[in-house]
Amino acid sequence: EEERRRRGLWHTIAQGVETEEEARRLFYRRQDSVGASTSLTVESAVMVVNADRLRSYLAASPAADTSPVRAHRKGDGLLFHGCPEAAVANIQSDGLRMRFASSGMLGRGLYGAPDPRKSYSYCRGSRHGAFVFLCRFNLTTAEHAGPSTPHRNTVFDEYCVYDERHVVVLWMLKVS
């Protein structure tokens, strides 16, 4: 019964990327957004279902907008999060947590990018493969850096939230 409830909540939050095929399509579609030369491939995908993180997620809107730019300051968006290999198991089991957050150009917070190539750049030192997480972010209070902002990001957009209840991991993608 509990497993069925947890899966039901996951499917509600994962609208638009409920299947591996939908997650892969979003991954490839988002790489068409800007003209970077690198193109990534999904080697495998694993659904991440963490009951505590799903229950604590504070959604701003019933469904995630396909455009994080439109969702910024208004609702939820689907973003990718990359990390070094040493953090992968913790993120898969516990989600993105503020106690492990690092400081970036938008301060100490939890970062996500619409384009997986930006997130991939944080997968340094991964001997067993690079892992990028597909997450749903509540972007109502998120900060934004990108080509249209005064920040130094000239190619890719990225967003930062400062409350771990504003992000939930949905998929772990092994990429190359």
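**Figure 1. Q92 and its surroundings in helix 5 of the predicted model.** Q92 is a residue of helix 5 (85-94), in a model that is predicted. With a relative accessible area of 30%, Q92 is partly exposed. Leaving aside neighbours within four places in sequence, the residues in contact with Q92 are V46, V48, F133 and M172. Between the C-alpha atoms of Q92 and M172 there are 7.2 Å, although these two residues are 80 residues apart along the chain.

**Figure 2. V46 in strand 1.** V46 belongs to strand 1 and is in contact with Q92, the residue of the previous view. Its other contacts beyond four places in sequence are L170, W171 and M172. The relative accessible area of V46 is 33%, so V46 counts as partly exposed. The C-alpha atom of V46 is separated by 6.5 Å from that of L173, and the two residues are 127 residues apart along the chain.

**Figure 3. The largest nonpolar core.** This core has 24 residues, and those that touch the most other members are V17, L134, L170, W171 and L173. At least two residues of the core come from each of helix 1 (2-13), helix 2 (20-30), strand 1 (42-47), strand 2 (76-82), strand 5 (130-138) and strand 8 (167-175). Strand 8 gives the largest share, five residues. A second core, separate from this one, has 21 residues, including V88, L110, F133 and L139. In soluble globular proteins, nonpolar side chains tend to be buried together.

**Figure 4. V17 and L134 within the largest core.** Which residues are in contact with V17, leaving aside its neighbours within four places in sequence? They are W10, E22, A23, L26, L78, L134, L170 and W171. L134 lies in strand 5 and is buried, with a relative accessible area of 0%. With neighbours within four places again left aside, L134 is in contact with V17, A23, L26, L78, L79, F80, V169, L170 and W171. C160 is 26 residues from L134 along the chain, and the C-alpha atoms of these two residues are separated by 15 Å.

**Figure 5. The aromatic pair of W10 and W171.** The structure holds three aromatic pairs. In one of them, W10 and W171 meet edge-to-face, with 5.7 Å centre to centre and 75 degrees between the planes. Why does this pair tie together parts that are 161 residues apart in sequence? The reason is that W10 lies in helix 1 and W171 in strand 8. W10 is buried, with a relative accessible area of 0%. W171 is buried too, with a relative accessible area of 4%.

**Figure 6. The aromatic pair of F27 and F80.** F27 and F80 also form an edge-to-face pair, with ring centres 5.8 Å apart and 85 degrees between the planes. This pair links distant parts of the chain, as F27 is in helix 2 and F80 in strand 2, 53 residues apart. Both F27 and F80 are buried. Ring pairs join F27, Y28 and F80 into a cluster.

**Figure 7. The largest pocket and its lining.** The space in the largest pocket is about 490 Å³. How many residues line the largest pocket, and which lie nearest its centre? The lining has 28 residues, and H81, G82, S102, G109 and Y111 lie nearest the centre. Strand 2, helix 5 (85-94), strand 3 (102-104), strand 4 (107-112) and helix 6 (116-120) each give at least two residues to this lining. By class, 13 of the lining residues are nonpolar, 10 are polar and five are charged.

**Figure 8. R73 and its backbone angle.** R73 is found in the loop between helix 4 (68-71) and strand 2. Most residues other than glycine have a negative phi. R73, which is not a glycine, has a positive phi of about 70 degrees. Is R73 buried or exposed, or partly exposed? Its relative accessible area is 43%, which means that R73 is partly exposed, since this class lies between the cut-offs of 20% and 50%.

Key: Residues are numbered from 1 along each chain as its sequence is written. Side-chain values use heavy atoms; hydrogens and water are left out. A nonpolar core is a set of buried Ala, Val, Leu, Ile, Met, Phe, Trp, Tyr and Cys residues joined through side-chain atoms within 4.5 Å. Buried means under 20% relative accessible area, exposed over 50%, partly exposed in between (1.4 Å probe, protein chains only). Helices (H or I, at least four residues) and strands (E, at least two) are DSSP runs, numbered from the N terminus. Contact means heavy atoms within 4.5 Å. On a 1 Å grid over the protein atoms alone, a cavity is a set of points where a 1.4 Å probe fits but cannot get out, and a pocket is an open set with protein on both sides within 12 Å along at least five of seven lines; lining residues have an atom within 4 Å of a point. Grid points are joined across faces, edges and corners, and a volume is the space filled by probe spheres set on the points. Ala, Val, Leu, Ile, Met, Phe, Trp, Tyr, Cys and Pro count as nonpolar, Asp, Glu, Lys and Arg as charged, and the others, Gly among them, as polar. Rings of Phe, Tyr and Trp (its six-membered ring) pair if their centres lie within 6.5 Å; planes under 30 degrees apart count as stacked, over 60 as edge-to-face and the rest as tilted.
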